[in-house]
Amino acid sequence: MRAPCRARCVAVGAAVPERRLTNADLAGMVDTSDEWIVSRTGIRERRVVDPGTPLSALAEPAARQCLERAGVAAADLDGIIVATISGDHIMPTTANLLQHRLGATRAWGYDLANACNGFIAALSTAAAFIEAGRAKRILVIGGDIMSTLVDYQDRNTCILFGDGAGAVLVEAGPADGPGIFGFELHSDGSGGGELMIPSSGSARPRTAEALAQRQQYVKQNGRTVFAAAIRRMAEVSESLMRTLGITAADIDLLVPHQANLRILEPTAERLGIPLERVVINIERMANTTGGTIPIALNDAFTAGRLVAGSRIMLVAFGGGLTWGACYLTWGR
Ligand code: COA
């Protein structure tokens, strides 16, 4: 009989573009100001790729850094899951292209689209494969090239997003060892219209008319999304904490999806987690959608805040609507 195991997160890597798009740059493009953006969102700048750079070009260095830190060869991967809404193409998926770029000769791969909750959803999928005994090592990537999906004529959305990718290696470990202790995932499709890209699939193909109406870009009802994000991120974290029988004292690091500083702060406050235990990089990175959580984990790692044994709560909310949380202890 197969020995029970626990999926564990053993290494992280990330890659963001060199190019910075500052609030001052945006103020030259739309009717906004550094003061407005900082006071309403906490964002000062975001990274953006040079036009034409595909997601796989950021995902590859993120993946290589993660594998090197883990001491694992690409050829030893069983699978690759890329959480994104802005992959290189709909077909082939970015995970397939990455499999080739990395030389991960034995690995299967596919993309998973769940917007800003994509990384937690992908991590839960990887953990399920591993704990079912169907894989030993899966590379989970979260990343987006949001600069291809936002309308730089729309001040309501273009200030919020940036580009970047991060990677976490998930592997099988002993059932009584460190690793992933639980997930909670939710969807509410009735709110699908609150945050969407209208012309991005079969419902509204990218016809000349749709493009002329700029329907290929992110549209949102900012206030509704803002209120729902605060409510759902706190709710799902509290619910998972109850399920696992843990309190705020059992969380060394809260790593939330980075949507708005004014969403992160009340979420942490409601959970009773002081800000020094929250990983926040939104002022430099903005919202990279699938990328926020692994990039924040990477920032925490390079700052020496994420170490073997760190007890971490991940939480996210995004278009779908979809939200989720995961509690884990880091390392081998
Ligand atoms: N610069 C200047 N003014 C702006 C602006 C900008 N970049 N963007 C919007 N405004 C204006 C609005 O047009 C509005 O003007 P009006 O009252 O004349 O219509 C005014 O500022 C206030 O807008 P409001 O929506 O009340 O601001 P807010 O405090 O809610 O902040 C967001 C707007 C978008 C920053 C905020 O709602 C938010 O963060 N929502 C969640 C978005 C998100 O995270 N989406 C992804 C989720 S994963």
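Here is a short tour of how the two domains of this protein meet.

Before you click, note that this is a predicted model, where local features need pLDDT of at least 70, side-chain atom pairs count only at pLDDT 80 or more, and totals for chains, interfaces and linings use all residues. Residues are numbered from 1 along each chain as its sequence is written, and side-chain values use heavy atoms, with hydrogens and water left out.

Start by colouring residues 5-174 as domain 1 and 180-329 as domain 2; these bounds come from an automatic or database domain assignment. Their C-alpha centres lie 14 Å apart. Contact (heavy atoms within 4.5 Å) takes in 52 residues from domain 1 and 47 from domain 2.

Now show the surface between them. The two domains bury about 3800 Å², with 64% of that on carbon and sulfur atoms. Buried area here is the accessible area (1.4 Å probe) that two parts lose on being put together, summed over both.

Next, select Arg 214 and Asp 151. They form a salt bridge, with their closest N and O atoms 2.9 Å apart; the term means a side-chain nitrogen of Lys or Arg within 4 Å of a carboxyl oxygen of Asp or Glu. Between the domains, the count is one salt bridge.

Finally, pick out the domain 1 side of the interface. Elements giving two or more residues to it include β1 (5-15), α3 (55-70), α5 (118-131) and β7 (163-174). Helices (H or I, at least four residues) and strands (E, at least two) are DSSP runs, numbered from the N terminus. Zoom in on α5, which gives the most to this side, with seven residues.
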